[in-house]
Structures are given as C-alpha cells and as structure tokens.
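This briefing covers the overall form of one protein chain and then a handful of its residues. Please keep the sequence and the structure at hand while reading.

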Amino acid sequence: YLCFCKSSPGPNEEVGKQVDSFTTAINSVRGKAMERLIDYGLWYAAKNKDKNADVPEPDRFDSEIKYKELLEHKLDKRNEKSPAVHSIFGIYLPNLMYLNKRWVIENISKIFPDNQPMYWEAAWASYITGSKFYTDVFKLLHPQYELAVKRLENGTLIKERGISRRTEEALAEHLVIACINGLENINEDTCLLRKFALVKKNNAAYHAVQYIWHLLLDSTIFADNPEGRPSFWPQAKIYWDLRIQTAKSYITDSDKNNVPEATSEFSLFLTWLKYIPSEVTLDELANLLTETLILNKEGYHLPELIDYLQQKSGEEPELAVRILKQAVETEAQIYFYQGKERIMEEILRKGLSTGNKTVLAEADIVMNTLGEKGNYYFKDLWLEYFINAN
C-alpha cells in the first residue's frame, strides 16, 4: 500500500530540489517504502539462506513472486514517474544483485535508461556516490561507467546531486580502484581511468589525486602485495604524466597563471612522494617534478618535495640541487620553506661537495633567491662556499 502512496513524493518535492534524489526518496512515503522493500528481500534471503547454500547465483527472491512483480512495476516509468523513487534501484543495486543477479541483468536497461536522462542520472548518481566498489557490479555496469566518462569528455556534467560529493568525484574513486584491483590497466587505450585523465579542464581530477593519497595513508598500494597484486605505482606514474600532458595541451603560456584548478591538482601529486618505492630514482621522476613545479604556481606541498629531495640527495646530489632551484624559482610564498632550512642545507652541502660548477651556480641561485625573499638562513653557507673558499 505504501509503495503506491500518490501524495509523497509529489512533483513539488522534486522540482528545483536542493538535495539529491536518494535523500528526497528516504524523506518520502513511496521512497521509504521501496527502501523497506529491499530490506524485506534481504531479510527473506537471510531467513532462507540454507535453501540456496550450494546454488551459484541463486534466485533469493525464490517463491516471492509478488516481490518481483512489485519491483518490475516500479521500474516502469508509466507507473512510477518519480526520479527520487527510481534512485532506490541505483543505491541498492549491489543488494539487488545479491538477491537475484539474473533479474538485475535482465532489467539493467530499465534501471539505467540512457534514453531517459533524468532517470539515468537519478540511478547513476545514487549508485556511484552511495555504493562501495564491487567487482561484479563494475563489470556489469561497465557500459554505464563508459557513458559517465563520455559525458565528462563532452563537458556534460551530471546535474543530479550525489550523496556527500559530486558524481564525477565518486567516478574517479571507482576508476582508480578498478585499476588497483587489476580490472583495468592504464597502459591500455580502452582503460577508463586513462580516458578520465585525458579530459581537459577536469575538476574531478583533483579528487582522483587526493583519493590515491588517502589510500596511501591507510595501505601500501604502491608496494607489491603478498597476495600477488602488483604495485599501483607504475600506473599512478602514468596517470600523473597524462594529467601533465593534458594540462599542457590547454594551458598556454598566456593563461597558465589563471588556471587555479591546475595549481590545486598538481600540488597534490607531491603528497605521493613519501610513498613512492625506494628503488625509484630521482632521475626517473625529474621530468614529472619539473613539470609539476611549473603548474603548481602557488607552491602548495613544497615541504613534501624538500623532504623527498633530501632523501634522494645522497644518491643524486646534483639533480636534487637542480630541482630545489626550480622550486625556489616559482612564485611560492617564503613560509613554505620555514622549518625546512636544515634539510635544504643538507641538500645544498651534498651538491656543493661534488665540486660541479653547474651545481655551484644552481646552489648560488637557491641561496640568493631565498635571501631576496627574506630568508637569510643560508648566509653563512653562501659565505663559506663563495667568499671564504676564494
């Protein structure tokens, strides 16, 4: 009875709404009733789990014919016109696949009707922002992921609000996980994360870099997994390079100072440095770091770069000084170097000890540039090598 309550949600609850469809649904009668319908199916399946213990991909709707009929009735837009109610099918899609995978496969075009954008967006936004990543669901919904990336490529952002974050940001998370889990590989042209990386003026790309950093905080995705999962670092490095090449393709010399999203995105790549495998040389990263410093106009996360250069300065002292020079020549504010002077002095001393004239000139630029910006910490070091040494 409640699934057919005509008054809620009514048209006024959905026109010009300021919240996502799922939130509208769970604050309405029909939406809440549909949510409880899914709960009933899960309860019924748990109660009868022994019956299907040895059956692969069983029909856990089992003899509940009316249950299945009600779901199909609500999928028909002639019967249920509310996008909010339809969003229930999106957010609970993994549960529905557990209950009856075959039913979901047979009805997937009705759950995600690409010829009815309003309903597609309601289901997609609820699914992508409200569901965890599941391998079998990703495989089934691969065409929907492709459509979402294609919309991003065309500049067609999804109007439907997601749960707690934008749908494009959640899409970035799922595409990263797909590559980490070996379902896709960024080296292949068909990889959706690769296509995502090549989208120009892609504001959600910032979230992808941030998401990888959050994963690094809690796990070792840049290391080989004992269970056989290879390190994600090689793919992450390609993603980094792709984003640089994409940014360079549309940020010209005349407007590169006026693209704030590039600054915020590329500064975040420096947060990865702490977790990069130790066997990766500074020489391997030199071009990426140089290009990142050019795009990171504001100098965010430079302390992470300085720490990394100090770590690598023992093996590659000349290159460490060269990249440090590139960093101080950016427009970064002087406070980014505060508290890092001793580390920078160590980098400079290791480079200066090589006696390389080019390194001497680069170290001179570093110390004088910082002095011009008001940091006189390196005065004694400069006197030691450029006055007293003579």
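The points below go from the whole chain to single helices, buried residues and backbone geometry.

The model is predicted. The protein chain has 21 helices and 0 strands. Its radius of gyration is 27 Å, well over the 21 Å that the globule rule gives for 390 residues, so the chain is more spread out than a compact globule.

**Overall form and surface**

- Taken along the principal axes, the box filled by the C-alpha atoms of the protein chain comes to roughly 95 × 50 × 35 Å.
- Buried residues make up 52% of the 390 residues of the protein chain.
- Of the contacts between residues at least 6 apart in sequence, 72% are between residues at least 24 apart.
- The exposed area of the protein chain is about 19100 Å², and 50% of this area comes from carbon and sulfur atoms.
- The protein chain carries 47 positive and 56 negative charges, and the mean positions of these two sets lie 6 Å apart.

**Helix H5**

- Helix H5 spans residues 83–91 and is mostly covered, with 9 of its 9 residues buried.
- The buried residues of H5 include the polar-named positions His86 and Ser87, and Val85, Ile88, Phe89 and Ile91 are also among them.
- At the start of H5, the backbone nitrogen of Ala84 has a side-chain oxygen of Ser82 within 3.2 Å.

**Arg30 and its surroundings**

- Arg30 belongs to helix H3, which covers residues 29–47.
- Arg30 counts as buried because its relative accessibility is 8%, and the cut-off for buried is under 20%.
- The side chain of Arg30 reaches two partners: the backbone oxygen of Cys5 at 2.9 Å, and the side chain of Glu80 in a polar contact, also at 2.9 Å.
- Leaving aside residues up to four places away in sequence, Arg30 touches Leu2, Cys3, Phe4, Cys5, Lys6, Ser8, Pro9, Lys74, Glu80, Ser82 and Val85.
- Two residues in that list also appear at H5: Ser82 is touched by Arg30 and has a side-chain oxygen at the start of the helix, while Val85 is touched by Arg30 and is one of the buried residues of H5.

**Other buried residues in helices**

- Arg243 lies in helix H14, residues 233–250, and is buried with a relative accessible area of 1%.
- Beyond residues up to four places away in sequence, the residues that Arg243 touches are Phe196, Ala197, Val199, Asn202, Ala205, Glu265, Phe266 and Phe269.
- Leu305 is part of helix H17, residues 302–312, and its relative accessibility of 1% makes it buried.
- Leu305 touches Leu270, Leu273, Leu289, Leu293, Ile323 and Ala327, with residues up to four places away in sequence not counted.
- Between Leu305 and Phe61 there are 56 Å from C-alpha to C-alpha, and the two are 244 residues apart along the chain.
- Asn107 sits in helix H7, residues 101–111, and counts as buried at 6% relative accessibility.
- Asn107 touches Glu72 and Leu75, again not counting residues up to four places away in sequence.
- The C-alpha atoms of Asn107 and Ala223 are 40 Å apart in space, and these residues are 116 apart in sequence.

**Backbone geometry**

- The peptide bond from Ser8 to Pro9 is cis, with omega near 5°.
- Pro9 is placed in the segment before helix H1 (11–14), and both Ser8 and Pro9 are among the residues that Arg30 touches.
- Lys201 is not a glycine, yet has a positive phi of about 50°.
- Lys201 is in the loop between helix H12 (192–197) and helix H13 (205–218), and counts as exposed at 57% relative accessibility.
- His301, also not a glycine, has a positive phi of about 65°.
- The loop between helix H16 (282–295) and H17 holds His301, which counts as partly exposed at 25% relative accessibility.

Technical notes. Residues are numbered from 1 along each chain as its sequence is written. This is a predicted model: local features need pLDDT of at least 70, side-chain atom pairs count only at pLDDT 80 or more; totals for chains, interfaces and linings use all residues. Side-chain values use heavy atoms; hydrogens and water are left out. Helices (H or I, at least four residues) and strands (E, at least two) are DSSP runs, numbered from the N terminus. The radius of gyration is taken over C-alpha atoms; the globule rule is 2.2 Å times the number of residues to the power 0.38. Buried means under 20% relative accessible area, exposed over 50%, partly exposed in between (1.4 Å probe, protein chains only). Contact means heavy atoms within 4.5 Å. Accessible areas come from the Shrake-Rupley method with a 1.4 Å probe; for residues, only the protein chains shown count as cover. Lys and Arg count as positive and Asp and Glu as negative; His and the chain ends are not counted. The place of a charge is taken as NZ of Lys, CZ of Arg, CG of Asp or CD of Glu. A polar contact is a pair of N or O atoms within 3.5 Å; within protein, one must be able to donate a hydrogen and the other to accept it, and residues adjacent in sequence count only if both atoms are side-chain atoms.
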